[in-house]
Amino acid sequence: MKNSFLLSVFAFFISVSLPGQNPEVEKLKSELNDFSLELKSIEQSIEKYSDSKDSLDIYSERLLQLENAINEKLDFIKDLETEPAARLEELGPEPKENDPPETELVSGLRKQLNTELATIEELRQSANLIDIRSNELLTDITKLKRDLFFEGLGNRQFSILSPTLWEAAKQEAPLAYDEIKSFFDNWQKNQESKGTYRFTMLIVWVVFIALLVIFYLISKNSFWKHIDEYFYKDGELNYIDKRRRAATKSFSDVLLLFLAFLIVYWVFKSFDIVTDYNKEFYKRVFFGIILTVFFVKYMRSAISPKSGKWRLINCNGKLAWQIVFLITSIFILFIIDRVTTAGILLIYEPGKSLVLAISGIAVILKLFCIILLTRKKLWIPEFNLEGDGVQKPKLRFEFLRRGVRLAAILLLLLLIVGFIKLSSFIVYRFVLISFFIAFAIAVRDLLVWGITSIQNFTDGSKELADADAEEEEESTINFWTRVIVDIALPFLLFPLFLVTLGLDKLNIQRVYSFFESDIEIGAVSFSITNLLYGFLVFIAVIAITKWVSGMFEKKVLNQSHFDPGLRNSMKTLTSYFGMLIAILLAMATVGIDFSKIALIAGALSVGIGFGLQSIVSNFVSGLILLFERPIKIGDWIIVNSGEGHVKHIGARATQIQTFDQSTIIIPNSELVSSSLTNWFHTNRRGRIVIPVGVSYDSDPEKVREVLKEAVSSHPSIMKLPPVSIYWSDFADSSLNFEVRAFIRNYDEVITVKTDLRFAIFKGLKQAGITIPFPQRDVHFYPQQSVPDNGKNNSGTKPGDDSDEKPKSPKKSKE
């Protein structure tokens, strides 16, 4: 009875909190109904305007937005289902036949929850049906656009010389003008009805004048004139600096222009000049201008018509301005062609003959500019030296120049025979691909430069042994930076490359859906996109860690009173921590389940027991060296393999640089388990001992004073403990003394000993104290006569009349 009462109370509170009609469900019903109506409207519009690519692009964009909205609603439905499902689970299962029946309150509540779940399920099915139909329409649009594309390129239109084409264009031109005039008249009437026409026109003129000022600043490069001064250091220029200058100047101008266009777009949209109907047209205009400014600026910096010192491309300096003019003309014609044709088709869609005529003229002018650009006298090719000593241009240069010229001539022939759209498409893609190549090169140069600059900035406090070591390390950093950028950059620019080839947003999403599809290996699943993102996250975290570690070392550690070994330990531990964070974030980005790491750790433990024991032992020993610090960077240590300074403590081994500039690599476990001598363990102080011998005629007291004065005056000798002079021995030819003193830095022991020996020698000489050297007496005795050899007792042969007597013994000194 008590349990039944508690259940009734529980059911009462649930029924109070759960109204009969959920407002969120009702709102969702209304939104799905609106989506269904919009989908039906799009379907009817696709059937009506199936021959217009621009209209199909608009409907494709609307369907993609509708798909995103449907996906959000599906997620919302999943969340909406959670609460009633949890409440139904709290009520427990329905009573069986033999169980006591539920109360009416609980039974009604269960029925109400089941009804709400059924309603939510119906909404999910409705959303899924809308999503499926949206995908079907997107597929239909893709097919229609593909058919229109191949039909437009493959079908023969009017020849550019056909009078029929020009007659039709002549008839459509006034009609297109009337439509454009009518469009602006309607816009003016709309603004006048709102009372904002004059203010809007004032804003338009202000924006127009601001754009003219910005273009003037870009042409004069007023904001960025110091770029040349930055790269032109001490009159020395290299090829890399020239490329970086070209990229910097191009992006600086584009950045200024892009910010200006953002402001213009926002202002125009606020005053209804830019609407959903024509926003794609304005985007084409803005991005066409930005594209043109970037490429022309980059090529102008690469060709450098004013000064040959900045020139990247081998061209005739006298004709460099012609090259810049022709390239600028091509891109200006590109903008005029795209803007004019897009504007006419937007306002007056029947004007296809007029569009063909304008496109044909623009393509002819662009092709003539390309042909003029391929003249041999404009370029200075690289040469190969033949066997007979004659220089001939390299094959790749001639192949490129002649190939481009031949392609331009063939496209002119296509225009004449009636394939205007095909010629226009090829020239259009050629211009975009040229921009993409220049853009990719500039981005790569700036990325490599930026990353290496950050690396050099963070390593600014590092002291290298010599200039060769510094150059070698900088070369290594540049190499690995280029490798990382060359791997990551193609993936980052891949969407832009697809746009350059002509793929729309829908096709790009489908291409990326392939890379985002899961690849399953056992219980682990990942995608190519996630692998790339994981790699980029790993590189980004490592770069941030190195930057933070470098700044911490430069701003904090170098200004602290910590010894170099402690600073290195803190920096190394920071790097290890950053490496761990980078690995964990990269694994999370790839999608690896951390619950499975335990299995991996178990497998690794077996490997450690068999083959990785020494590696793990060295790694743990490296951590012990960093924490306990028995040795530090810069310490002078003596081990069984030799002696020298500790240069690097790594994860596996420690490097010791000997005094002969060779390197000893010792496993960390050996340094932990074996004994070693560390001269700098607690401090860098050390004792030196210099033996000195003087003659027996010297006054020992005076000798002690001279020695003490000569040693104490040296700046590296410590005052405490004081200098000690010991009379060590009476030697065979000298009185032996020992000078014992402590120096502040034992690294200078050889230099200090040399200085002290000079000072001692000078002091003893000035005091008249002799430094003896070993002497030896050599005695020569006359030889005894040997009768058996026919000699007399005097040591002379018989019959020898010489009166010379034997010489007396001599003394010789060594």
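**Salt bridges, helix packing and a small sheet**

E121 is partly exposed, with a relative accessible area of 30% (buried means under 20%, exposed over 50% and partly exposed anything in between, using a 1.4 Å probe and protein chains only). The structure is a predicted model, so local features need pLDDT of at least 70 and side-chain atom pairs pLDDT 80 or more, while totals for chains, interfaces and linings take in all residues. Numbering starts from 1 along each chain as its sequence is written, and side-chain values rest on heavy atoms, with hydrogens and water left out.

E121 pairs up with R124 in a salt bridge, N to O at 2.4 Å (a side-chain nitrogen of Lys or Arg within 4 Å of a carboxyl oxygen of Asp or Glu). The partner R124 is buried, at a relative accessible area of 18%. Both E121 and R124 belong to helix 4 (residues 104–154) and sit three residues apart, or about one turn of the helix; helices (H or I, at least four residues) and strands (E, at least two) are DSSP runs counted from the N terminus. An α-helix has 3.6 residues a turn, so residues three or four places apart point the same way. Helix 5 (residues 163–194) carries a pair of this kind in K181 and D185, which are four residues apart, again about one turn. The closest N and O atoms of the K181–D185 salt bridge are 3.1 Å apart. K181 is partly exposed at 42% relative accessibility, and D185 is partly exposed too, at 29%.

The structure has 16 salt bridges in total. One of them joins E31 to K73, with the closest N and O atoms 2.6 Å apart. E31 is in helix 2 (residues 23–48) and K73 in helix 3 (residues 53–91), so this pair ties together parts that lie 42 residues apart in sequence. E31 counts as partly exposed, with 22% relative accessibility. Elsewhere, R243, R444, D445 and D486 are linked up in a salt-bridge network.

Turning to helix packing, the axes of helix 10 (residues 320–347) and helix 11 (residues 352–373) come within 9 Å and cross at roughly 170°. That makes the two helices roughly antiparallel, a label used for angles over 145 degrees (under 35 is roughly parallel, 65 to 115 roughly perpendicular, the rest oblique). The axes are lines fitted to C-alpha atoms over the stretch in contact, and angles run from 0 to 180 degrees between N-to-C directions. Helix 10 residues including I323, L326, I327, F334 and L345 meet a set in helix 11 that includes L354, I358, L365, C369 and L373 (contact being heavy atoms within 4.5 Å).

Helix 16 (residues 528–557) has 30 residues and reaches 41 Å from first C-alpha to last, close to the expected 44 Å (1.5 Å times one less than the residue count). Its buried residues include T529, L532, V541, M551 and L557.

Finally, five strands make an open antiparallel sheet in the order 8-7-6-5-9 (strands pair if DSSP finds at least two bridges between them). Strand 8 (663–667) and strand 9 stand at the edges with a single partner strand each, so one side of each has no neighbour in the sheet. Strand 5 (residues 636–639) pairs antiparallel with strand 6 (residues 642–649) over four bridges, and the two form a hairpin with two residues between them. Here V639 has G642 of strand 6 as its bridge partner. Strand 5 is also joined to strand 9 (residues 677–678), antiparallel, by two bridges, with I638 partnered by T677.
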